[in-house]
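Here is a short walk through one protein chain, strand by strand and then out into the loops. Have the structure open while you read.

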Amino acid sequence: MNYLEQLLHAQSPDWPAGLPGGLRLSVLGEGLLAIEPAAPVFDLFISCGIHGNETAPIELAASLLQEVLDGQLLPRARLLFAFGNPEAMRRNERYLDDDLNRLFGKPREQTGDGPAAQRARELEQAACAFFAASGSRWKLHYDLHTAIRGSKIEQFAIYPFPHEQAFDAGEIGRLAACGIEAVLLQSKASPTFSYYTRRHCGAHGFTLELGKARPFGQNQEVRLDKLEAELRRLIAGEQRDYRASAAQPTLFKVARELVKHSDAFVLHLDDAVENFTELAAGYLLAEDGAQRFVVEEPGARIVFPNRKVKNGLRAGLLVVPTTL
Ligand SMILES: [Zn+2]
């Protein structure tokens, strides 16, 4: 069987009759499966395809899963794989009725009950059930993405707001080992999957942005070799300590959120502007009716600019360098 082919063709998977080494396979929903060794050393959740057109990490996750299913890669970690939005993957769309990664942890009154909201709830429940069974073991969740636009810093991660906990230097070092060059430390809650698993499942949840989104089969320029190597080590149950490693990512924090309040919103950036483009102090970044958004912070850079978001939502982040 080829799991990804079958998922993309909406065929019910023909599972292997048995997995080697006493592994247990549980299907938790479409694109959702857990693989459990008898005596796991820790718990690893790999999600991808939350945005259906972000294909490079889907291909990577599927190939690792396939090796496990084929008995070529023997896990000693307990594994959950999630292919977030199979129908959007089939259509090569970022999302269908709503952006999944803005729906996690939100009440039904805010999300409605459309297909995306229902899928977000299914993913939340799968993640919670998976991590609830892991007790005091170390829990790691990497939610893998590629970005709409290019980036001055090609591979970066979002470290969701950890509330009363400190940002974890070992996990930041691990991200560097995965090839991540910059980490954006968040200072407030967000409706993303990685924030959800961190807040509600006790996991070290991270969003990884791994390059520019391209269609299936066209990801030769997305370099995932370091991430793949670390995921292989993790799947095999090897937990390296990266606190003192020489390679460390550049750290950024959010200085200000740019919010689109009305239809009068104008963003003074070219549509092709790359993530982490530097903006000079004094630059008029946006106007919204009478409101003016002027850059004041030294070393400021723009991340995730998007003039097309709905009113009331984030149209970009202004970030600045920081330290732990
Ligand atoms: Zn994405």
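Strands β6 and β7 run parallel, joined by four bridges. This is a predicted model, so keep that in mind throughout. Take isoleucine 158 as a landmark: its bridge partner in β7 is leucine 184. Over in β8, isoleucine 158 has threonine 207 as its bridge partner. That second pairing, β6 with β8, is antiparallel and counts three bridges.

Which way do the side chains of β6 point? Phe156 and Ile158 go one way, Ala157 and Tyr159 go the other, and all are buried.

Now zoom out to the sheet that holds these strands. It is an open sheet of twelve strands with mixed pairing, in the order β1-β2-β4-β3-β5-β8-β6-β7-β9-β15-β14-β11. The edges are β1 (24–29) and β11 (277–278), each of which pairs on one side only. As a general reminder, strands of a sheet pair through backbone hydrogen bonds, either parallel or antiparallel.

Here are some of the strand pairs, with a bridge partner for each.

| Strand pair | Sense | Bridges | A bridge pair |
|---|---|---|---|
| β1 and β2 (residues 32–36) | antiparallel | five bridges | leucine 25 and isoleucine 35 |
| β7 (residues 182–185) and β9 (residues 250–259) | parallel | four bridges | alanine 182 and threonine 250 |
| β9 and β15 (residues 314–321) | antiparallel | seven bridges | arginine 256 and leucine 318 |

At the β1 edge, have a look at serine 26, which lies in that strand. Is serine 26 buried or exposed? Serine 26 has a relative accessible area of 19%, and the cut-off for buried is under 20%, so serine 26 counts as buried. Leaving aside residues up to four places away in sequence, serine 26 touches Leu32, Leu33, Ala34 and Glu36.

Next comes a helix. What surrounds α7? Helix α7 (residues 193–201) is mostly covered, with seven of its nine residues buried. Those buried residues are Phe193, Ser194, Tyr195, Tyr196, Thr197, Arg198 and Cys201. Their cover includes the strands β3 (43–48), β5 (139–147), β6 (156–159) and β8 (204–212), along with helix α5 (115–132). After α7 comes glycine 202, which has a positive phi, near 70°.

Speaking of phi, most residues other than glycine have a negative value. Two residues here are worth checking against that. Asparagine 92 has a phi near 50°, positive in a residue other than glycine. You'll find asparagine 92 in the loop between α3 (86–90) and α4 (108–111), where it is partly exposed, with a relative accessible area of 35%. Histidine 163 isn't a glycine either, yet has a positive phi of about 55°. Histidine 163 sits in the loop between β6 and α6 (169–177), and is partly exposed as well, with a relative accessible area of 24%.

One more loop residue to click on is aspartate 263, found between β9 and β10 (265–267). Is aspartate 263 buried or exposed? With a relative accessible area of 71%, aspartate 263 is exposed, because the cut-off for that is over 50%. The C-alpha atom of aspartate 263 is separated by 8.0 Å from that of aspartate 288, although their positions lie 25 residues apart along the chain.

Finally, the whole chain. The tally of secondary structure is eight helices and 15 strands. The radius of gyration is 20 Å, close to the 20 Å that the globule rule gives for 324 residues, so the chain is as compact as a globular protein of that length. The C-alpha trace spans about 65 × 45 × 40 Å along its principal axes.

How much of the chain is buried? Buried residues make up 53% of the 324. Of the contacts between residues at least 6 apart in sequence, 74% join residues at least 24 apart.

On the outside, the chain exposes about 14,000 Å², with carbon and sulfur atoms supplying 48% of that area. As for charge, there are 36 positive and 41 negative side chains, and the centres of the two sets lie 3 Å apart.

Methods: Residues are numbered from 1 along each chain as its sequence is written. This is a predicted model: local features need pLDDT of at least 70, side-chain atom pairs count only at pLDDT 80 or more; totals for chains, interfaces and linings use all residues. Side-chain values use heavy atoms; hydrogens and water are left out. Helices (H or I, at least four residues) and strands (E, at least two) are DSSP runs, numbered from the N terminus. The radius of gyration is taken over C-alpha atoms; the globule rule is 2.2 Å times the number of residues to the power 0.38. Buried means under 20% relative accessible area, exposed over 50%, partly exposed in between (1.4 Å probe, protein chains only). Contact means heavy atoms within 4.5 Å. Accessible areas come from the Shrake-Rupley method with a 1.4 Å probe; for residues, only the protein chains shown count as cover. Lys and Arg count as positive and Asp and Glu as negative; His and the chain ends are not counted. The place of a charge is taken as NZ of Lys, CZ of Arg, CG of Asp or CD of Glu. Two strands pair if DSSP finds at least two bridges between them.
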